[in-house]
Amino acid sequence: MDIKREKLYTDILIIGGGTAGCYAAITIGEKSDKKVMIAEKANIKRSGCLAAGVNALNAYIVKGKTPEDYLEYVKRDANGIIREDLVLTMSERLNGVTRHLEKLGLVILKDEKGDYVTRGDRNIKINGENIKPILAAGVYKHDNIQVLNKVNIVDYIIKDNRVLGAYGFSIENNIFYVIYARGVICATGGAAGIYKPNNPGFSRHKMWYPPFNTGAGYAMGIREGAEMTTFEMRFIALRCKDTIAPTGTIAQGVSAPQINCAGETYDRNYGAPTTANRVYSTVEENRRGRGPCFLRTKGIGKRAEEELLKAYLNMAPAQTLKWLERGAGPSEENVEIEGTEPYIVGGHTGSGYWVDTNRQTTIKGLYAAGDVAGGCPQKYVTGSLAEGEIAAEAVMKYIAAVLQQEVLCEEEENKFREITGYLKNPSGIYTVGQLEEAMQKIMDEYAGGISGSYGYNEVKLAVGKNRIREILKLAYKLHGEDFYDLMKIYELIDRLVVAEAVIAHLEARKETRWHSFQENLDYPGLNDKDYFLYINSVFKDGEIRIIKRPLVDRRQTYEHQN
Amino acid sequence: MSIRINPDLCAGCGNCREVCPGSLLFKEKESNKTYIKYPEECWGCTSCLKECKFEAISYYLGADMGGGGTTMYVKEENKELHWHITRPDGKKKIITIDTTKANSY
């Protein structure tokens, strides 16, 4: 195979052109003439979480509320384990980024006075079908931003714990890239596909989170010894059965309660109405023989049904198709609901890089924003934009004081050999697909997947850890025919690296802090005395080492100590 | 759930290949037309449908999630998205969405 090699230079490299990555680039494009490069493994027009669209903006400070109110909501929902400094700095920017998004072209519903129409306490109504093309168009307006579509980044270039750029390759043109930058923002998103999904067969990718978000940003950081936080707080979404489409649009839009097979509402029987408990209550009703569970939509009327058909076409078209396929819409049949497989996603829970208040990771010059950044749940779309903006402003300040550096050619050569080594591996018995299936089965059975109602114990985790390590060894022997195969191999390896970290975190929190999200069957209760803290980890000398850190308060500006 | 591309309608423009977030679409070597190489890896985001000006791409639900053969494609005209749904018995329905208006829910 003819492999081309290219060395590129930029001021700021953004890895991942999704919600946070695009907005970080737009922020830099508007505020400076520094050179920005976005490396995106697909195409920024539709990559990331917003490919199909989004039905509402779920993080907005509505009239009469304050950023502190939003912080309190996030804190309650996460049972206290949040970085208050991060949530507050994000919350303060939610409305500013929303106005900016409207200027970029997003349709937001307004009343006769020109105020945004709200949906609940924190949400506003939009037409979000084209939100990603709008962000991409915002990026392309700036001449100082270069977009590398179809370029998959696989590792950072690091020297003395400082990031100097990243290694990657084009999945279409067999080009190996060495990209040097003075500062880097990681915005790759979180990780799906670690656990066996709801639809394990043909429709295996009909999942809540994008199946193409494979935890690359987490894995690259873990491999380089970056500190990570709260991986044990997995996210499990409550979704429409089969299509895994959102339930919030129905629950809030037409005020449909959750009911069990007997038609009884049940969610209030399981503690505070948190995101985790909405899932847990449904899981428990099923476990106790009172499933299936539904959203009670029967009788909402044809007009409401037509609006729901449209709303779902703007964000999860499979659900509209499912209603039409059945010939019975939500006004005639209640909508069955289920919990998804667990995901690792810092935009909804606290999992991700351990960052300072400016979103710098423990690797100098490396910033994180969006789903890959930890400590700040309930970001959703606008919070990811806000973090992109914060990281962009911080990296601009950082690069003003640093010069571009490179590593020795020998080091670049070694990485080239390591990455392209998979093309030279002999074809073996196993494929990426087989090993992915094995990983998902292990995580499902031993690390709290759907089949065990999300519960686990230490013995199971120990089995799971060993099996994940065995699969990782097999993954290093995989053969790829071309650079597309290489991307698939790295996606698997990254997922396995994240899976091992998840297991270490689940094991370390010896309590049950969030039902379903972290259901430790050895320790079924809360233990505030010993675990009202962050579980962090660092990968060093082949092992994941756990670090317990005290909570950070909203008045604090957190800085890394070392 | 996945998509099917009708080779008789595909013009080989490649727009759908460009945007697929999973990079699952490929070009046939001889005809330059697009085909889906990994139908089981489709997320169902419909990005490709929205790019296709030739009504060549149809979206369907896998049988494992309740699919029964109904298909859907989308056509954009004057800031409106027209979703065309065809049931196996030939019955058709069109849902039109004005992209300049917000969702009711």
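Which residue in β13(A) is the bridge partner of Q258(A)? In this predicted model, the partner is L295(A). The sections below place that pair in its sheet and then move outward to the domains and the chains.

Residues are numbered from 1 along each chain as its sequence is written, and chains are lettered from A and ligands numbered from 1 in the order in which they are written. Because the model is predicted, local features need pLDDT of at least 70 and side-chain atom pairs count only at pLDDT 80 or more, while totals for chains, interfaces and linings use all residues; side-chain values use heavy atoms, with hydrogens and water left out.

The pair belongs to two neighbouring strands: β12(A) and strand β13 (residues 293–295) of chain A run antiparallel and are joined over 2 bridges. Helices (H or I, at least four residues) and strands (E, at least two) are DSSP runs, numbered from the N terminus, and two strands pair if DSSP finds at least two bridges between them. Both strands sit in an open sheet of 4 strands in chain A, ordered β11-β14-β13-β12 with antiparallel pairing. At its edges are β11 (238–240) and β12 (258–259) of chain A, each of which pairs on one side only. Just ahead of β13 comes a loop worth a look: P292(A) lies between α8 and β13 of chain A, and a cis peptide bond with omega of about -5° joins G291(A) to P292(A).

A second open sheet in chain A has 3 strands in the order β3-β5-β4, again with antiparallel pairing. Its edges are β3 (56–57) and β4 (107–108) of chain A; each has a single partner strand, so one side of each is left without a neighbour in the sheet. Between β3(A) and strand β5 (residues 124–127) of chain A there are 2 bridges in the antiparallel sense, and A56(A) has K125(A) in β5(A) as its bridge partner.

Further along the chain, strand β19 (residues 534–540) and strand β20 (residues 543–549) of chain A pair in the antiparallel sense over 7 bridges. Within this pairing, N536(A) stands opposite I547(A) in β20(A). The two strands form a hairpin with 2 residues between them. What is unusual enough to note about D541(A), given that it is not a glycine? D541(A) has a positive phi of about 50°, and this residue lies in the loop between β19 and β20 of chain A.

On a wider scale, the domain assignment of chain A gives domain 1 (238–339) and domain 2 (422–549); such bounds come from an automatic or database domain assignment. The C-alpha centres of these two domains of chain A lie 30 Å apart. Each domain gives 8 residues to the contact, where contact means heavy atoms within 4.5 Å. Together the domains bury about 610 Å², 71% of it on carbon and sulfur atoms. Buried area is the accessible area (1.4 Å probe) that two parts lose on being put together, summed over both. A276(A), Y280(A) and V283(A) supply 60% of what domain 1 buries against domain 2, more than any other three residues. The rule finds 0 salt bridges across this interface, a salt bridge being a side-chain nitrogen of Lys or Arg within 4 Å of a carboxyl oxygen of Asp or Glu. Helix α8 (residues 275–287) of chain A gives the largest share of the domain 1 side, 7 residues.

Finally, the two chains meet through 51 residues of chain B and 58 residues of chain A. The area buried between them is about 4,600 Å², with carbon and sulfur atoms giving 59%. W43(B), N103(B) and Y105(B) supply 21% of the area that chain B buries against chain A, more than any other three residues. Across this interface the rule finds 4 salt bridges. The side chains of K93(B) and E306(A) meet in a salt bridge, at 3.7 Å from N to O. On the side of chain B that touches chain A, β7(B) gives the largest share, 5 residues.
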